[in-house]
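Okay, thanks for coming, everyone. Today I'd like to walk through the empty spaces in this protein, so let me put the model up.

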Amino acid sequence: MDPAEAVDRAVARYGAEAPRLLAMLHAVQASLGCVPAEALDRLAAALRLTRAEVEGSASFYHLLHAKPHGQYEILFSDNVIDHMAGKPELMRYFCDELLIQPGKQSEDGLVFVDSTSDIGLADQAPGALVNGVLVPSLDRNRLDLIANLIREQRPFAQWPQTLFEVPDNVRKGGPLVGEPFAPGAGLRRALAMGPDAILAELEAASLRGRGGAGYKTAAKWGSCRKAQGRAHYVVCNADEGEPGTFKDRVLLASHADLVFEGMTIAARVLGAKSGYLYLRGEYRCLADRLRTVRTRRRATNLLGKDILGTPGFDFDVEIVLGAGAYICGEESALIESLEGKPGRPRNRPPYPDTQGYLGQPTVVNNVETYACAARILERGGAWFAGLGTRDSTGTKLLSVSGDCKRPGVYEYPFGVTLRQVLADCGAQQPQAVQVGGPSGTCVPWREFDRRVCFEDVPSAGAMMVFSRSRDMFEVARNFTHFFAHESCGFCTPCRVGTSLLRNTMDKLAAGKGSAYDMERMQMLMRVLQSMSHCGLGHTAAKPVVQTMQVFPEAYERRLRNLSYEPSFDLDAALETARLITRRDDEWAHIVSEEP
Ligand SMILES: Cc1cc2nc3c(=O)[nH]c(=O)nc-3n(C[C@H](O)[C@H](O)[C@H](O)COP(=O)(O)O)c2cc1C
Ligand code: SF4
């Protein structure tokens, strides 16, 4: 297929509307193996956008590429948990088997191998995305199988399905992931009581958002409802990109009815007709399951027109696929992405509840928040408020991974101690737990009696366990690589600051660190925290700050006893010039004084 035909097909399928640009870019890449320059021009003409606007979007997302990646694309997940499970060695082994280099298409154009940020499989690490589909629990045997399938050029559709099986790994269930749900049970009660009473029920439940900040859901829905606009929108944030988090994967894979139901209840409150479930590109393999649930709900009048016989209550949900950008989890960046643009955070205020999707009032909530809302409307706010602590009601899904015997999803009432979770998951000699992902809290062993709740250690869901054998400096270094890779580049303090922080950590790792570098990192942290445009930049230095405080020895043993040590060896860099000019004047050497 040529680029013109691929674009025309995509436009015919999605309509010539700019907000559908991301879907069209996905479609073009599926047809051509990449999004070439000719396609950008044709898309720009069809959507009446500038070439720069289309290219800006196409080049922003990690999972879209301008050059072909071969018939088989294998992207190894690069989270610290994948590293601990042997990712670097396994990736090297795989590349050697196929005689290829990471980041380069093979000579025969068959295969492309590279690393990518966390893909939501920390409970089954190391994992990879193979042609966009999740493949968990990699080891040499599974990689040999993949290498053989590639060598024999087996069409991807004919690969053994066992490779792609991703168990939920629910280790401890509760109302969200452990108890049956009759679709419509929450919605029927909601429709019977009406929008004001729904808000009162959420208020009584004291439900707080599960995406991180813990904002009160009733307040968010209430203010969005009051906001004036041509239309109101309901958006589900299923971008789950925080390294170590995978609980939304499980909700979407096996409990999607709860999520759709929560969105439909929100629509009832807001008077919204359209909802969007923004699914991270790495979870593309879940889209079909979600569509199946949606079809069933449409067939039983839980979605569609006059829902459950309520005249004028029309609502449906579109599933929109992201394309690999952690920043799109930030709600205003997510909305930009929904509009087909690069996912760069907006200035706030205005907040989405008054000016969100297409400038209209929009509620954005996490997957788990909608699931909680559905249960609350089914069982009542008082029931929910009876679980957890005073300021953190209900249960919380934790994604537990790392050095433990039973990684997976655990559902606890808020307020559970870290010690309890560690005992339940079979943690092995834990020295620290990273709660809430790289931007969260690093809790050392002496504080394991602290509790998971907004009053103590808040968490959007991730809980990575590190045993005494782990080097916490390397953990922080991995996180600095993550933030530098995922910084969207919009503001200088974060774009430059995250790169400098990563480079300085690499310098320390190479044994070239000095007291000067430690001071410089402190300065970078202050700049990042105070001058960044959004939450990514504000928290990007947190892993370094915390590990420096809690594990100073992990840094000190790497420092050379110098006030300053350059990372760049100028004298060695001049060696090539000396060879070319055939001059090696003794006086032209730069000699550094050893301490
Ligand atoms: C860098 C960054 C990444 C985020 N990623 C996510 C995410 O993957 N999922 C999510 O629900 N919220 C994420 N958030 C929080 C959202 O901006 C937003 O607060 C949340 O979706 C609101 O939903 P809630 O009220 O249900 O918690 C992120 C925030 C930041 C700053
Ligand atoms: S802080 Fe970082 S991620 Fe946020 S807008 Fe600035 S560059 Fe982008």
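Let's start with the lining of the largest cavity: by class, eight of its residues are nonpolar, five are polar and one is charged. Before I go on, please keep in mind that this is a predicted model. The space inside this cavity comes to about 90 Å³. In total, 14 residues line it, and the ones nearest its centre are Pro 345, Cys 488, Cys 491, Cys 494 and Cys 534.

So what sits in the largest cavity? That would be ligand 2. If you zoom in on ligand 2, you'll find 13 residues around it, the closest being Cys 488, Phe 490, Cys 491, Cys 494 and Cys 534. As for the make-up of that shell, eight residues are nonpolar and five are polar, with no charged ones. Compare that with the cavity lining, where one charged residue does turn up.

Now for the other enclosed spaces. How many cavities of 30 Å³ or more does a search of the whole structure find? The count is three. The second largest holds about 70 Å³ of space. Its lining splits into three nonpolar, five polar and four charged residues. If you want to find it on the screen, look for His 62, Thr 116, Ser 117 and Asp 118, which are among the lining residues. Further along the chain, the lining also includes Arg 280, Glu 282, Tyr 326, Phe 482 and Glu 486.

On to the open spaces, the pockets. The largest pocket has about 1,500 Å³ of space in it. There are 49 residues lining it, and closest to the centre you get Gly 211, Gly 212, Ala 213, Gly 329 and Glu 330. By class, that's 13 nonpolar, 23 polar and 13 charged. Which element provides the largest share of that lining? Strand 9 does, with five residues. Helix 11 (247-254), helix 14 (331-338) and helix 21 (535-539) are also on the list of elements that each put in at least two residues.

The second largest pocket comes in at about 1,200 Å³. Its lining has 41 residues, and His 26, Ala 27, Ala 30, Arg 284 and Leu 321 are the closest to its centre. Here the classes work out as 20 nonpolar, 12 polar and nine charged. Helix 2 gives the most, with seven residues. Among the other elements that supply at least two each are helix 1 (3-14), strand 1 (72-77), helix 13 (287-299) and strand 8 (316-321). Helix 14 is in that group as well, and you'll remember helix 14 from the lining of the largest pocket.

One last stop, away from the pockets and cavities: Thr 504. You'll find Thr 504 in helix 19, which runs over residues 492-509. Is Thr 504 buried or exposed? It's buried, because its relative accessible area is 1%, and the cut-off for buried is under 20%. Leaving out residues up to four places away in sequence, Thr 504 touches Asp 517, Arg 520, Met 521 and Leu 524. Take Asp 517 from that set: it lies 13 residues from Thr 504 along the chain, and the two C-alpha atoms are 6.7 Å apart.

That's my tour. Happy to rotate the model if anyone wants another look.

Key. Residues are numbered from 1 along each chain as its sequence is written. Chains are lettered from A and ligands numbered from 1 in the order in which they are written. This is a predicted model: local features need pLDDT of at least 70, side-chain atom pairs count only at pLDDT 80 or more; totals for chains, interfaces and linings use all residues. Side-chain values use heavy atoms; hydrogens and water are left out. A residue is near a molecule or strand if one of its heavy atoms lies within 4 Å of it. On a 1 Å grid over the protein atoms alone, a cavity is a set of points where a 1.4 Å probe fits but cannot get out, and a pocket is an open set with protein on both sides within 12 Å along at least five of seven lines; lining residues have an atom within 4 Å of a point. A molecule sits in a cavity or pocket if more than half of its atoms lie within 2 Å of its grid points. Ala, Val, Leu, Ile, Met, Phe, Trp, Tyr, Cys and Pro count as nonpolar, Asp, Glu, Lys and Arg as charged, and the others, Gly among them, as polar. Helices (H or I, at least four residues) and strands (E, at least two) are DSSP runs, numbered from the N terminus. Buried means under 20% relative accessible area, exposed over 50%, partly exposed in between (1.4 Å probe, protein chains only). Contact means heavy atoms within 4.5 Å. Grid points are joined across faces, edges and corners, and a volume is the space filled by probe spheres set on the points.
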